[in-house]
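Hi everyone, thanks for coming. Today I'd like to talk about charged side chains and where they pair up. Let me put the structure on the screen.

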Amino acid sequence: MREARRVVVKVGSSSLTTAAGGLDADRVDALVDALAKLRSGGEKEIVLVSSGAIAAGLAPLGLRRRPKDLARQQAAASVGQGLLVARYTASFARYGVRVGQVLLTSDDMSRRAHHRNASRTLDKLLAMGALPVVNENDTVATDEIRFGDNDRLAALVAHLVHADLLVLLSDVDGVYDGDPSRPGTSRIAEVRGPEDLAGVEIGSAGKAGVGTGGMVTKVEAARIAAAAGIPVVLTSAVHAADALAGGDTGTYFHPAGKRSADRLLWLQHASTPRGALTLDDGAVRAVVDRRTSLLPAGIAAVEGEFSAGDPVELRDTAGRAVARGLVNFDAKEIPQLIGRSTHELARELGPAYEREVVHRDDLVILPGARGRDRT
């Protein structure tokens, strides 16, 4: 923490609201106190990824619990998001800190232009001394374009802003080797790799019932960030001040990999494929082993309904996913391209068809794909 200059902090709904819905002003103020103290010297920048919009909108709409249907979730988010950012604005104003709201969907982040815009906005907010408050745009996100939880969003935002540290605040003060409510269990202080969590049963969402995550999503988010070269501290919101001061609290995930291209991390972890392309054996070897673009000649079949720019899954002839990429053609165009060379297509259909179906810069190889037997 002492060495980290740019820190992403994620806080969940259960740490900000009551079980019945509605923001808990004291909890919000306590978190803001810790964040304001961290950046008071001017040497550190903070991005806050905050859940709580849907939970904050429950009570004002007369909802007793988080609704299961998407329409009412979106309505609650519409009401709650304004309340949430207003509360943060007022609380940070006590320290003269300006707040900027940034709402994202996974669809925004897998598309190149939208990804660049998000990156520029966050960088400019930080450069101008504001504190970005990031949340998923629950008012418009559909099941197909949701991150699924803000823990994953936080890991990807940490990579997007080139953070030096990610702090995940939960209602449990770290990862335990068993149910933390049972005697005899102990906190796992450090995680250096998957083997440190082998055999550990990770719990699901907490008792409050206002969030969508749980320890499973937090550990997965920590793994995503660590694999991208970002260290992670996972602890409880009540220990936020200690964690941000560098105290011995929570579970520390050591960085286990190198940073990759920002957008490709989003493509791998945040996108939902709208369809699939089956590749012949030669195309699988070219895409996976030689990291080439996918050409029409290597496609054996297409399924799904998608448009140019959508994420699609690339599969081998056995139906196993080997890669994910952004396609350059609509699904209805691809059948006439299958198995044909780009030069042939350009002569027959025009110069617009002398290009890749998926360019290598818009393609990510999925874990385990390189080690498969493709003979």
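**Salt bridges around R6**

Okay, let's start with one pair: E45 and R6 form a salt bridge through their side chains, with N and O 2.8 Å apart. Now look at where the two sit in the chain. E45 is in strand β2, residues 45–50, while R6 is in strand β1, residues 6–11, so this contact links distant parts of the chain, 39 residues apart. Keep in mind that this is a predicted model.

Are E45 and R6 buried or exposed? Both are buried. For R6, the relative accessible area is 14%, and buried means under 20%, so R6 makes the cut.

R6 has another partner, too. D123 makes a salt bridge with R6, and their closest N and O atoms are 3.3 Å apart. D123 belongs to helix α5, residues 112–127, and R6 to strand β1, so this pair ties together parts that are 117 residues apart in sequence. D123 itself is partly exposed, at 32% relative accessibility.

Put that together and you get a network: salt bridges link R5, R6, E45 and D123.

Why would side chains do this? Well, those of opposite charge can pair when their charged atoms come close.

Let's move to another spot. R320 and D316 form a salt bridge as well, with 2.9 Å between the closest N and O atoms. Here D316 is buried, with a relative accessible area of 5%, whereas R320 is partly exposed, at 36%.

And how many salt bridges does the structure hold? There are 18.

How values were computed
Residues numbered from 1 in each chain as written. Predicted model: local features only at pLDDT ≥ 70, side-chain atom pairs only at ≥ 80, totals over all residues. Heavy atoms only, no water. Salt bridge = Lys/Arg side-chain N within 4 Å of Asp/Glu carboxyl O. Helix = DSSP H or I, 4+ residues; strand = E, 2+ residues; numbered from the N terminus. Buried < 20%, exposed > 50% of the residue type's maximum accessible area, 1.4 Å probe, protein only.
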